[in-house]
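Student: I would like a close look at one part of this model, namely a sheet together with the helices that pack on it. Could you take me through that part slowly and then place it within the rest of the chain?

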Amino acid sequence: MFKMFLLIVLAIGTLILIIRFLSKTSFLHILLNKYRSFEDWFHVYQSYKIPQYNENNNLQENLLYGNVSTYLNSLASLEDSQFTNLFTGSKCNDIILNLDANQTVVDTFLGARVYWTNGVKELTMRFRKKDKRRILRPYLQHVLSVAEENKSKQKEIRLHFNLYDNGRCCWRSIPFTHPATMDSVVLDGDVKNKVKSDLELFLKSKQYYNKLGRVWKRSYLLYGPSGTGKSSFVAAMARFLCYDVYDIDLSTVSDVSDLKLLLLETKSKSLILVEGIDKFLLSSEKSTAAGMLNFMDGVTSCCGEERVLVFTMNGKDRIGDGDGDGDGDDQTAMMRPGRIDVKVEFPLCDFSTFKNLAGNYLGVKDHKLFGQVEEGFQNGPSLSPAQIGELLISNRTSPTRAFKSVITALQQHQPNKQVDKVRAKSSDNGSGQPMDDGLLCRESVHTVREFRKLYGLLKGSRRKEEPPLDLSSIEKSGSRHDQT
């Protein structure tokens, strides 16, 4: 009896040691997988494929594919996959898990197991056929709701740019981390508020646009000299809307067909940016720029909605007046009704803008040198906000030194402005001569007068040696000369 008890104790101890050993290995996990594989032989499974692009045309991305990808990347069971990609998020301490290609992750819903496999440009969903009617639609609704919730919490704006890859134009993207906001950009307060109100109204106008039979989009033209803050304002618009930015470089687009493909691949809820479109309208890439204009109100503009188109150009004189008189046909075509909805001017820095810059860059609302700075702006603005901003940044440790540098810069630029005014007047007199020639003519007249005085002195010194002249004739000629 004692021997039997001893054998039972030894057997139990051995079994415990074996279980502890196996628990430290993957044997139980392998055994469980084998059991599930064996169980699968006795069940019929239903599979569904979700392609990345609609109808395999590689143009418009399947929105369901993006939502499912977002949902799968949030599953806790993703860590149990054999291969999982790790990425850095928008912040340096964020870690993002992403299912690797040809890997499977398991999800559970209402007691049913759902298998997801990441293929090449497609996702495959598989579950038991007997669970199809019970879970298919409720499960997909659950996936969409969780994906939308995660997107709203982890919204990351991305900057897309076009380049050539394998012989075709395509998009590549990086996180958009530009810090500009509507509060930080320097622009007239009334103009800024009007743009914000217009954007907010646009976001709420889907039903209104559908009722009118119009594409749900809005077009903006930002114009002004370089350094006036157009690009920063575009970044602020994107952050205000939480839209991805598609920055189109027309110089890398070979023809209109490539441009159409690029535009059709843009997603809804995006901001499409074309910088410096005026130089493309006047250059050899004119046809590509014309294709961009046709996209603004052509048939292809309906492929996608909730888009904001932003164009920038330098100088107000490059905008067509839209009167159809033939001056600046390309710009007039751009300003045709239905293409540009809102025009925003970005002028050079004036005193009001300077005070905003001083508050943003230095935290100074008032200073004893503001009076001298205001005097520097009396003849009109001559520096861009970017130029003023650089002076403030380089002297940010001393507001007094910063404002003195601004005063000096304004004084240095004023003479150039006066010369520009004189040149403008000379160009208006119809002579067609450049300003330098006009300045030379004025100097030559002064030189002739001085030469006449010198000639008179020499003549007087020679009168003693020469016979007397007829003074009356000289006086008459002199009086005639003075009259001329």
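**The seven-stranded sheet and its surroundings**

Tutor: A good place to enter this predicted model is a single pair of residues, for Tyr223 has Glu345 as its bridge partner in strand 13. That pair belongs to the contact between strand 9 and strand 13, which run parallel and are joined by four bridges. Both strands are part of an open sheet of seven strands, whose order is 8-7-10-11-12-9-13 and whose pairing is mixed. Strand 8 and strand 13 (342-345) are the edge strands of this sheet, each pairing on one side only, and from one strand to the next the twist averages 25 degrees.

At the other edge, strand 7 (residues 158-165) and strand 8 (residues 168-175) are paired in the antiparallel sense over eight bridges, and within this pairing Tyr164 has Cys169 of strand 8 as its bridge partner. The hairpin that these strands form has two residues between the strands, and there Asn166 takes a positive phi near 55 degrees.

Turning to the helices, helix 5 (residues 189-203) lies across strand 9, strand 12 (307-313) and strand 13, and its direction is at about 160 degrees to strand 9. Helix 8 (residues 256-264) also packs on the sheet, where it touches strand 7, strand 8, strand 11 (270-274) and strand 12, its direction making about 35 degrees with that of strand 8.

The approach to strand 9 deserves a look as well, since the loop between helix 6 (206-212) and strand 9 (217-223) holds Val215. With a relative accessibility of 24%, Val215 counts as partly exposed, because buried means under 20% and exposed means over 50%. Val215 and Glu305 are separated by 90 residues in sequence, yet their C-alpha atoms are 6.4 Å apart in space.

Elsewhere in the chain there is another open sheet, this one of four strands in the order 1-6-5-4 with antiparallel pairing. Strand 1 (45-51) and strand 4 (104-109) stand at its edges with a single partner strand each, so one side of each has no neighbour in the sheet. Here the twist from one strand to the next averages 25 degrees. Strand 1 pairs with strand 6 (residues 122-128) in the antiparallel sense over seven bridges, and Tyr48 has Met125 in strand 6 as its bridge partner. Helix 3 (residues 63-72) lies across strand 1, strand 4, strand 5 (112-118) and strand 6, running at about 70 degrees to strand 6, while helix 4 (residues 132-153) lies across strand 1, strand 4, strand 5 and strand 6 at about 140 degrees to strand 6.

Helix 14 (residues 385-394) shows how burial can be arranged around a helix, with Pro385, Ile388, Gly389 and Leu392 buried. Viewed down the axis of helix 14, these buried residues fall within an arc of 100 degrees, so they line one face of the helix. The exposed residues Glu390 and Ser394 are carried on the face of helix 14 that is turned away from the buried side.

Finally, a word on confidence: the pLDDT of the protein chain averages 77, and 73% of the residues score at least 70. Over residues 321-327 pLDDT stays under 50, and the model has six contacts beyond four places in sequence for them. Residues 417-448 also have a pLDDT below 50, and this stretch has 11 contacts in the model beyond near neighbours in sequence. Where pLDDT is low, the predicted coordinates should not be read in detail.

Conventions: Residues are numbered from 1 along each chain as its sequence is written. This is a predicted model: local features need pLDDT of at least 70, side-chain atom pairs count only at pLDDT 80 or more; totals for chains, interfaces and linings use all residues. Side-chain values use heavy atoms; hydrogens and water are left out. Buried means under 20% relative accessible area, exposed over 50%, partly exposed in between (1.4 Å probe, protein chains only). Two strands pair if DSSP finds at least two bridges between them. Axes are lines fitted to C-alpha atoms, for helices over the stretch in contact, and angles run from 0 to 180 degrees between N-to-C directions. Contact means heavy atoms within 4.5 Å. The arc is that of the directions from the helix axis to the C-beta atoms. pLDDT is the predictor's confidence in each residue, from 0 to 100.
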